[in-house]
Amino acid sequence: LHLIRNNGSPYTDEDCYYANCKGATGLDWGGGDVNPHLDVDDINGFGPENINIARPNAGVYRVAVHYYSAHSTLIEAGINVKIFVQGGLRAEYTRMFTACNQFWDVADVEWPSAFVAPVDAVRMETHGACY
């Protein structure tokens with residue numbers, strides 16, 4: 001699971017994901033409640049995973065999923081993404097991944113309006129090794 005702010009690039013400090021966003025403080029996007037944190041990171045299966053920001057700064061936040069597995073040669077995986085804003089379900093999207101290293105740009109969340117706009121674009125992303 002990825003949360004990328006303001007048209008940032010995946011796998012940078014603009015992207016909250018497993019390698020840089022775990023723990024109580026998460027990724028530093030300005031300190032305190034504006035920092036995102038990956039509070040659930042499922043490394044042994046298919047989720048759930050969860051990213052939170054208590055008080056986001058104004059901007060656009062891209063929700064994305066990278067299908068990466070170092071544990072399996074499984075090629076198909078059903079993915080369900082739920083986007084919650086202030087505790088309420090705002091949007092839900094489903095997709096079937098058919099190849100390891102597919103990267104799905106799911107939706108953009110605009111803040112503070114809380115408007116959710118679907119993106120639904122899939123590309124190959126070679127970050128990480130698939131076995």
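A residue counts as buried when its relative accessible area is under 20%. Val81 has a relative accessibility of 7% and is therefore buried. The model in which this residue sits is a predicted one, and the following paragraphs proceed from the chain as a whole to its sheet, then to its cores, and finally back to Val81.

The chain contains 9 strands and 0 helices. Its pattern along the sequence is accordingly written β-β-β-β-β-β-β-β-β. Of its 131 residues, 38% count as buried. The exposed surface of the chain comes to about 7,300 Å², of which carbon and sulfur atoms supply 50%. When contacts between residues at least 6 apart in sequence are considered, 45% of them join residues at least 24 apart.

Five of the strands can be followed through one sheet. This open sheet of 5 strands is arranged in the order S2-S1-S5-S8-S9, and its pairing is antiparallel. Its edges are strand S2 (15–16) and strand S9 (115–124), each of which pairs on one side only. In general, the strands of a sheet pair through backbone hydrogen bonds, in either a parallel or an antiparallel manner.

Strand S1, residues 2–5, may be examined together with its two partners. With strand S5 (residues 59–66), strand S1 forms an antiparallel pair over 4 bridges. With S2, the antiparallel pairing of S1 rests on 2 bridges. Leu3 takes part on both sides: it stands opposite Val63 in S5, and its bridge partner in S2 is Cys16. Both faces of S1 are covered, since His2 and Ile4 on one side are buried, as are Leu3 and Arg5 on the other.

His2, which lies in strand S1, deserves separate attention. Its relative accessibility is 3%, and His2 therefore counts as buried. The side chain of His2 makes a polar contact of 2.7 Å with that of Asp15. Beyond four places in sequence, the residues that His2 touches include Tyr11, Cys16, Tyr17, Ile51, Arg62, Val63 and Phe103, as well as Asp15 itself.

The nonpolar interior is considered next. The largest nonpolar core has 28 residues, and those touching the most other members are Val81, Ile83, Tyr93, Trp104 and Val106. Two or more residues of this core come from each of S5, S6, strand S7 (88–97) and strand S8 (102–111). Apart from it lies another core, of 5 residues, including Ile4, Tyr11, Ala64 and Phe103.

Within the largest core, Val106 and Val81 illustrate how the contacts are distributed. Apart from neighbours within four places in sequence, Val106 is in contact with Val63, Ala64, Val65, Val81, Tyr93, Pro118, Val119 and Asp120. Val81 itself is found in strand S6, which covers residues 77–85. Not counting residues up to four places away in sequence, Val81 touches Val63, Val65, Ala91, Glu92, Tyr93, Trp104 and Val106. Val81 and Asn50 are separated by 31 residues in sequence, and the distance between their C-alpha atoms is 9.9 Å. Val81 thus returns the reader to the starting point: with a relative accessibility of 7%, it is a buried residue, and it is also one of the members of the largest core that touch the most other members.

How values were computed: Residues numbered from 1 in each chain as written. Predicted model: local features only at pLDDT ≥ 70, side-chain atom pairs only at ≥ 80, totals over all residues. Heavy atoms only, no water. Buried < 20%, exposed > 50% of the residue type's maximum accessible area, 1.4 Å probe, protein only. Contact = heavy atoms within 4.5 Å. Pairing = 2+ DSSP bridges. Polar contact = N/O pair within 3.5 Å; in protein donor to acceptor, adjacent residues only side chain to side chain. Areas by Shrake-Rupley, 256 points an atom, 1.4 Å probe, with all protein chains shown as cover. Core = buried A, V, L, I, M, F, W, Y, C linked by side-chain atoms within 4.5 Å.
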